[in-house]
Amino acid sequence: MREVGVGLLGLGVVGSGVWELLARNRDFLARKTGVRLTVRKILVRDPDKPRRARVPREILTTDPREVLESREVDIVCELMGGIEPARTYLLAALRQGKHVVTANKAVLAEHGPEIFQAAESAEKGLFFEAAVGGGVPIVKTLRESLSANRIRRLTAIVNGTCNYILSRMSEEGLSFEQALREAQERGFAEADPRLDLSGRDSVHKLAILATLAYGSFVPADRIYEEGIIGVDPQDLIFAREFGYCLKLLAIAREEEGRVEVRVHPTLIPEDHVLASVRGAYNGFFLEGDFVGQVFLYGLGAGAEPTASAVVADLLDAARLILSGARPTPILFRESPLSLKPQEEVVSRYYFRFSAVDRPGVLSQISGVLGQHGISIASVIQKGRTEHGPVPIVMLTHEAREREVRQALAEIDRLEVVVLPTKVLRILEE
Ligand code: NAP
Ligand code: HSE
């Protein structure tokens, strides 16, 4: 039986899940693969912290060199998160001749080319299935199984925390803060949950997916980003009246040689397959030019599903070690990719105007929309309130983002409009 030494960087939610999986399935995995994965050292910040995983104190260290430079470690598995020192450690591990597994989408999305290049130069494997989709095998699906296709559309729920919050708010009436607290308690959220809520975590994941789908590195900063901070429960209720639910979507679409990449809260029809993706689940709805439609679904966050992906990567790395084969580069070749600016993206829209209750208001608003060529599909105006503005909710036909922004800037300056207009895009498939 071949022993392969593993060094973990981090023993938090995911690291503990990996430790538990390796302990519980140790004999089964050894029988199945002929390899025994043995964790030799684990880097943490505080070795005395109480932990979910029962790990012998002597394999914990606060010195990264005990993992990165250890002759007993064949695979370095980075489960710390964040950009630095994760980037430095990943590069150092590759320079030391280690194969690398990481669940860190942030560092790959922000420093992908440097890390991909370092792996290629070192001729070592770089595996990152857990960086997107938790336990859902979307990375391998795009890299391997669907690699012959042009990916026309990818519409995905990639952030378990945001999906959990939106589900709990709309289904159970929880407040945003209550739902976030629950997501944190269950280990779904990032150490800094603003990454989830701002949409940044979804942007990082979309950058990785689009890079794999189109064969060219897609920088996170070129992806349109809008998160769920400020989502108002009122809009979840109005959306339902129109037959929609709200999801934070990551979208990539290829049309006429240009690719649009965007993350934003989106209204989707209640009978759309992604509407059934609830709680911490992720869903990936893909359309390839030859394969047609493919849907992948599963838990996108949490210790166990993420450990499932990490350990599968450890086994892939062990296979490389056993066979002595050269790893395949992440990208075949950098090919130029033309990204569509967000202002040119066409979508249907939901607007909620907050206006004074006075005759002629609706015609003023629709007049401005008409001047910008934005056509209204349906309107509901809610009844009078004793105090404050009345909500006027409109759904539009397809409109270009540039015209929408111009029209809304004008509408929000109207004397009869008292609060900034709430805007949501509507998914058209
Ligand atoms: P976490 O619970 O915050 O754990 C982070 C671990 O890294 C802790 O053990 C911490 O040590 C250690 N660490 C952090 N910075 C360190 C430093 N500078 N030096 C030494 N040790 C350091 O995070 P997590 O939720 O497990 O996430 C880990 C990674 O997996 C992140 O990249 C995340 O995005 C990704 N991921 C998470 C999930 C999920 O569901 N949580 C799913 C998929 C991917 P101490 O314990 O001593 O503080
Ligand atoms: N914070 C992330 C999420 C973890 O909620 O999806 C999984 O990447």
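A polar contact is taken here as a pair of N or O atoms within 3.5 Å. In the predicted model, an oxygen atom of ligand 1 meets this criterion with leucine 11, from whose polar backbone atom it is separated by 2.8 Å. The backbone also contributes at aspartate 46, where an N or O atom lies 2.8 Å from an oxygen atom of ligand 1. At lysine 49, by contrast, a polar side-chain atom is involved, again with an oxygen atom of ligand 1 and at a distance of 2.8 Å. On its own, ligand 1 has 900 Å² of accessible area, of which the protein covers 88%.

The shell around ligand 1 comprises 25 residues, and Leu11, Asp46, Lys49, Glu190 and Gly302 are the closest. By class, twelve residues of this shell are nonpolar, seven are polar and six are charged.

Leucine 11 also belongs to an annotated segment. In the unreviewed UniProt entry, the annotation "binding site" covers Leu9, Gly10, Leu11, Gly12, Val13, Val14, Gly15 and Ser16. Within this segment, valine 13 lies in helix α1, which spans residues 13-24, and valine 14 lies in helix α1 as well. Valine 13 has a relative accessibility of 39% and therefore counts as partly exposed, since this class falls between the limits of 20% for buried and 50% for exposed residues. When residues up to four places away in sequence are left aside, valine 13 touches Gly187, Gly302 and Ala303. One of these, Gly302, is also among the residues closest to ligand 1. With the same sequence neighbours excluded, the contacts of valine 14 are Leu79, Thr306 and Val310.

Ligand 2 is surrounded by 13 residues, the closest being Lys105, Thr161, Phe188, Glu190 and Asp196. Glu190 is thus listed among the closest residues for ligand 2 and for ligand 1. Toward ligand 2, a polar side-chain atom of glutamate 190 lies 2.7 Å from a nitrogen atom of the ligand. Oxygen atoms of ligand 2 take part in further contacts: one is 2.6 Å from an N or O atom in the side chain of lysine 105, and a backbone N or O atom of glycine 160 lies 2.8 Å from an oxygen atom of the ligand. The protein covers 93% of the 260 Å² of accessible area that ligand 2 has in isolation. Two or more residues of the surrounding shell come from each of the elements α7 (160-172) and α10 (200-214). In composition, the shell around ligand 2 has five charged, four polar and four nonpolar residues.

Methods
Residues are numbered from 1 along each chain as its sequence is written. Chains are lettered from A and ligands numbered from 1 in the order in which they are written. This is a predicted model: local features need pLDDT of at least 70, side-chain atom pairs count only at pLDDT 80 or more; totals for chains, interfaces and linings use all residues. Side-chain values use heavy atoms; hydrogens and water are left out. UniProt positions are given in the numbering used here, feature names are shortened, and annotations may be inferred rather than shown by experiment. Helices (H or I, at least four residues) and strands (E, at least two) are DSSP runs, numbered from the N terminus. Buried means under 20% relative accessible area, exposed over 50%, partly exposed in between (1.4 Å probe, protein chains only). Contact means heavy atoms within 4.5 Å. A residue is near a molecule or strand if one of its heavy atoms lies within 4 Å of it. A polar contact is a pair of N or O atoms within 3.5 Å; within protein, one must be able to donate a hydrogen and the other to accept it, and residues adjacent in sequence count only if both atoms are side-chain atoms. Accessible areas come from the Shrake-Rupley method with a 1.4 Å probe; for residues, only the protein chains shown count as cover. Ala, Val, Leu, Ile, Met, Phe, Trp, Tyr, Cys and Pro count as nonpolar, Asp, Glu, Lys and Arg as charged, and the others, Gly among them, as polar.
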